[in-house]
Every structure is written in C-alpha cells, then in structure tokens.
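Got the viewer open? Let's take a short walk through some charged and polar side chains.

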Amino acid sequence: MAGRLSCYFINLYSTISYFDSAENYYHGFMTGLIRGAGLSICSNGEPGLGRTDIVIEDPLNRRAIIIELKYARKPEEMEDKAEEALKQIEERKYAKGLGWRIKKVMNYGIAFWKKESCVKALETTR
C-alpha cells in the first residue's frame, strides 16, 4: 500500500453496550456519528468492484474519506482485521468510484471488538 499509514486504538467504554457487537451495529453507530456531525455520507455505495461501508466526499476541498468496518471475534484480531479492511478498500478499487475532483483520499480500516476498536488510516493521493 502506498501512502502514509497510522494506527489508533480507541475505546467505547462509556458509549455502547458490549451486547451491541455485530458489524452491522457498528456500521449504524458510525453512520449516525458521522451524520450527527453534519457530514453528508454514502452508506453501502457501490463504487469500484464492491460495496463500501461509508464514503464521505468533500469535492470543494478535493478530498474524500473511505471507511471499511470489520468485527473481530477476539481482541488480538483487531489489528489484523483493520489491516484487512484497508486491503479491501485497495483491492476492490473503491477510490475509483469517487468524483473526478477528488485528489486526496483518507482510507480508514476500523475493527471493533465489543467496546474497543482499532483504527488504521492510510492517506493517498490520486
């Protein structure tokens, strides 16, 4: 993968219940969080060769964010699942479906396990 890679671990201890632990729950959680911040999103769009979880385009500033979510069955799987999400973004060419004005893309692979998450970010230019 070309670009700058970052990795973060974020806990959701006071945000969600540990009963809420399926990928589709986290998808809804993230779309609500992003939409609540006032951003316009595309959820389950079909750019490239697959279906993205979440895409945010900012054509005015020529940038976009692609988010792919994964659920880890064990905490030690989180980093691998976040990496797998980033690879999926690249392999399925999700950025190809972005508007022609987009020049900078932030890819986020996010893995959840109960109340914890691992976020891997990769910044690319087109």
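Is Gln-88 buried or exposed? Select Gln-88 in helix H2: it counts as buried because its relative accessibility is 10% (buried is under 20% relative accessible area, exposed over 50%, partly exposed in between, with a 1.4 Å probe and protein chains only). Before moving on: this is a predicted model, where local features need pLDDT of at least 70 and side-chain atom pairs count only at pLDDT 80 or more, while totals for chains, interfaces and linings use all residues. Residues are numbered from 1 along each chain as its sequence is written, and side-chain values use heavy atoms, leaving out hydrogens and water.

Next, add Lys-70. Its side chain makes a polar contact of 2.6 Å with that of Gln-88 (a pair of N or O atoms within 3.5 Å; within protein, one must be able to donate a hydrogen and the other to accept it, and residues adjacent in sequence count only if both atoms are side-chain atoms). Lys-70 is buried too, at 12% relative accessibility.

Now show Glu-84. Its side chain forms a salt bridge with Lys-70 at 4.0 Å, N to O (a side-chain nitrogen of Lys or Arg within 4 Å of a carboxyl oxygen of Asp or Glu). That pair ties helix H2 to strand S4 (residues 63–71), 14 residues apart. Glu-84 is partly exposed, at 35%.

Move to Lys-120 and Glu-83, another salt bridge, at 3.4 Å. Here strand S6 (residues 116–125) meets helix H2, 37 residues apart. Lys-120 is buried at 11%, and Glu-83 is buried at 19%.

Last stop: Arg-63 and Asp-58, bridged at 2.9 Å. The count comes to six salt bridges.

Definitions and conventions:
Helices (H or I, at least four residues) and strands (E, at least two) are DSSP runs, numbered from the N terminus.
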